[in-house]
Amino acid sequence: MASTTHPYYDWFGVDEAMLSKVLSEALGRGADYADLYFEHSRSGSLTLEDGIISRASSAVDRGVGIRVVVGDQTGYAYSEDLDLPSMLKAARTAATIAQVSTDEVPPQTLTQRGHADLYSIDRNWEDVGVAEKLPLLQQTEAFVRAIEPGLEKVTVAWADSDDRVLIATSDGRVIADRRPMSRLWCSVAASKDGEVQTGSSNVAGRHGIDWYTDERLKTMCQEAVDRTMILFEARRPPAGELPVVLDAGASGILLHEAVGHGMEADFNRKGTSIYSTMIGETVAPECVTIVDSALHPFERGALNIDDEGNPTERTVLVENGVMRTYLHDRISAKHYGVESTGSGRRESFRHVPMPRMRCTYMESGEHDRDEIIESVKLGIVAETFTNGQVQIGAGDFTFYIKNGWLIEDGKVTAPIKDCNIIGNGPAALKDISMVASDMKLDTGGWTCGKEGQRVPVSQGMPTVLVNKLTVGGVDA
Amino acid sequence: MREELLEQARTAVDMAKQAGADDAVVGVSRGRSIDFAWREGKLEKVQEDTSRGLGLNLYVDGRFSRHSTNDLDPDRLRPFIAEAVALTRLLEVDPFRKITDPKLYEGRQDIDLDLVDASLVNLTREVRTQWCQELADAASAHDDVISATSGVANAHGVSARVSSNGFEGASEGSSVWYGSEVTVSDGPTKRPEAWWWVGGSHLEGLPSPKETGAEALRRVLARRGATKAPSSKTTMVVDPEAGASLMGRIFGAMSAGAIQQKRSYLADQLGKSITSDVLTLTDDPFRPRMGASRLWDGEGIATKKRTVIEGGVLKTFYVDTYYGRKLGWEPTTGSPSNIVFEGGKGDLASMLGDVGEGLYVNSWLGGNANMTTGDFSFGLRGHVIRDGALAEPISEMNVTGNYAELLQKLVRVGDDPVPWSTFRTPTLVFEGIQFSGA
């Protein structure tokens, strides 16, 4: 039996009758489908710089996005006022996409749905005061100063958010989610003989305050210091095509760029992805299995439901080298006649959903890390990254290495820094020759941008050898 | 509308003072935008937005914080501001954080920047749809086109800023952009894409939708058959759009914040030669119809025209009041407006003729720069330059170096910036640049 109340109805000042009215108005000119995406977001940040917590911010953002879909056409409008007349007006605007009245699809009776529980935290961020957060920043600074007393600068930044989402759809679903997010970031500047180097580390996820233990803070601080101090010894790698060993963890950026984006179904539906015709084909050696999953608890990419209210899942993109499944939202799933993979995501109520990644990683293989390093005569290890990008159709992808190592005669010999790596997706997949058994998800806070929309994602990787990528180096 | 927003901002400043703030600065904005996207002979997306927001800077007992909300209902705004003031009291005292000195508000120019195109109000659904069709027809005019998405977007916004120590200002602006993104087939699997969008505050002077769609198609067809050229050290010619992102990076290193935080390789370079002597850059906030033009900056400081680089010599930093106080420097302005490359000569064709051999870059792909040291490494696409003309397209290559060295290798500056650009980079020529490829 359907319940007619919901805690979030009060929160957004709506009731079931209002939702039904707005959905009816959205379908009023004839459309296949409409949905309402209510969002209330509270976020805050703190910055410690030059020894004091000198900046803070808070923000409230709320509204409803109204979407009307006719085939693969979308009408969209949002309202920051949540009264009925404002919402009806936005619904009429969104409905203008339907120019020809098609067979009328009436909105169905709304039924509340439940969902997975991947990020319940003891206390929501809304209920954690600034006074409790300040010691985290001060403690982080103290740890980093203790590790390396001579640092020129230490900056510690904090951000948290608490989002409430309520989705109502014309096919009769009402579903809600509460999404916490937090991040702690430490950045340092060091100088040596007049030379200055900067580096940073961060930890992030859909975690509560208890996750930020002293031990976790210390590990992060050590990373920030190590990544910075090594730069004084680091050089640029040689230029040209080289074997690249991707370190376990953050190297998942390669999968995100080289595979993930090209597997987003909107690009394939339009024929603009290099993978448009490759489902079912062998694209990589058998040791390669690549997954995009929403189900890893507390990761940035974890999602109980996607932003279209669909259940989420673990989607296998490449299984033992064979390309399997695109990442689908509602429109692409309908186009391909498959179920949505729960990949419809949006930045906020101001944006239309589209297929996006969640947590992208490669499954562990059978080798071990040392064995991989030993197999390389001249190459590099890629360790930390600051940027990645891809050309979906041409398949060219890049990622920028902030820290890494040179390998000579099977041994790690010297640190390297600041070089861009460029490759071609399908070629790089074929060039993967060894996969280690040490897969780990990166704990850093990655954000993915697509068509102007930013969403939080996660990525992971075991140690992997790619036989050949173009390394941006010196002295060709 | 301007007066209404000013009044809203004044009210919020009063609320902050009543809640116990020593000083407050409030910005209020309203905007409206309409986006059309067109694909395969029909509208793919129509989006219409009306938005608003309030931003608040608070100074309370020597402490500082910043807040924003889109819920402007006075019954909820008042407690939001009171809570923000209470939060600020929990922070630490920052002796360098003070509201902008009102002396810096003085000298505001009385110039009509002409930032609103009234004709855009009349942009009907029919006109937008017709432009989409014209863009799409021109962008799809080739058998190998797989997909062409075209779009028309325009917006109008008003904002007002009021401070508790006497600043008041309101501004209004419009914008219109249109263009196409085209994907074509290239051999059995590759599907290169390219886009071309044009736009600015006014419609007048922009290429027609037909010309714009045709340019997008020309750009993607030129990318077909791209290969990796061998690694080499050679001359690099950079097109105006790619040049803007290459040259834009150095402005980050000119900010007082980066310098005070030891994140700038330019920290001790004021008055010194940071580029070859062919480069002179002006920051001109008063150019009519340019989206980056302004009479006051983000802190309310009255804007001035400034020489940034003259004959290669760095003449100024971007100093806001906060980091200026930390460094003991006079504030200038915290961020650039329109950047004009002065005294250039020649367009792409004439420069290619003079260069003879080298590599031409017309877009970057990823990469990054470390402005603490100036080290950079970028992915790129473009063409081989042979016999003074563009030859085969290249991709999957990187260019790597250090800004301090790169900028001394700048040998030519053109006079062909994209007409509607605010960072007005022309074609640039650099000698002896390291490329990584096959």
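**View 1. Strand pairing between chains A and B.** In this predicted model, Ala59(A) has Ser68(B) of β3(B) as its bridge partner. Zooming out a little, β2(A) and strand β3 (residues 63-69) of chain B run parallel and are joined by 4 bridges. If you would like to find this spot for yourself, Ala59(A) and Ser68(B) are handy residues to select.

**View 2. Where chain A touches chain B.** Here we look at the whole contact, to which chain A gives 68 residues and chain B gives 62 residues. Which strand supplies the largest share of the chain A side? That is strand β2 (residues 52-70) of chain A, with 12 residues. Sorted by class, the side of chain A that touches chain B holds 29 polar, 26 nonpolar and 13 charged residues.

**View 3. Two helices of chain B crossing each other.** Helix α1 (residues 2-18) of chain B meets helix α2 (residues 74-89) of chain B, with axes that come within 9 Å and cross at roughly 45 degrees. Because of that angle, α1(B) is oblique to α2(B). The crossing of α1(B) past α2(B) is right-handed. On the α1(B) side, the contact is made by Ala12(B), Met15(B) and Ala16(B), while α2(B) brings Leu77(B), Arg78(B), Ile81(B) and Val85(B). How do these residues divide by class? The contact of α1(B) with α2(B) has 6 nonpolar residues, no polar ones and 1 charged.

**View 4. The two domains of chain B.** Chain B is divided into domain 1, residues 2-222, and domain 2, residues 226-438. The centres of these two domains of chain B, taken over C-alpha atoms, are separated by 25 Å. Across the boundary, 28 residues of domain 1 of chain B are in contact with 20 residues of domain 2 of chain B. The elements that give two or more residues to the domain 1 side are β4 (145-163), β5 (168-184) and β6 (193-200) of chain B. That side of domain 1 of chain B consists of 12 polar, 11 nonpolar and 5 charged residues.

**View 5. The two domains of chain A.** Chain A is likewise split in two, with domain 1 covering 7-232 and domain 2 covering 240-471. How far apart do the C-alpha centres of domain 1 and domain 2 of chain A lie? They lie 23 Å apart. The contact between them involves 34 residues of domain 1 of chain A and 27 residues of domain 2 of chain A. Among the elements that give two or more residues to the domain 1 side are β1 (33-49), β3 (73-79) and β5 (153-169) of chain A. The largest share of that side, 6 residues, comes from β2(A). By class, the side of domain 1 of chain A that touches domain 2 of chain A has 15 nonpolar, 8 polar and 11 charged residues.

**View 6. A hairpin in chain A and its neighbouring strand.** Strand β16 (residues 396-408) of chain A pairs with strand β17 (residues 411-424) of chain A in the antiparallel sense, over 12 bridges. Opposite Asp396(A) stands Asn424(A) in β17(A). The hairpin of β16(A) and β17(A) has 2 residues between the strands, and in this hairpin Asp409(A) takes a positive phi near 50 degrees. β17(A) also pairs with strand β22 (residues 464-471) of chain A, in the antiparallel sense and over 2 bridges. Here Ile421(A) stands opposite Val471(A) in β22(A).

Note on methods. Residues numbered from 1 in each chain as written. Chains lettered and ligands numbered in written order. Predicted model: local features only at pLDDT ≥ 70, side-chain atom pairs only at ≥ 80, totals over all residues. Domains from an automatic or database assignment. Contact = placed C-beta atoms within 7 Å. Nonpolar A, V, L, I, M, F, W, Y, C, P; charged D, E, K, R; others polar. Pairing = 2+ DSSP bridges. Axes fitted to C-alpha atoms, helices over the stretch in contact; angles between N-to-C directions. Parallel < 35°, antiparallel > 145°, perpendicular 65-115°, else oblique. Left-handed = near helix turned anticlockwise from the far one by under 90°.
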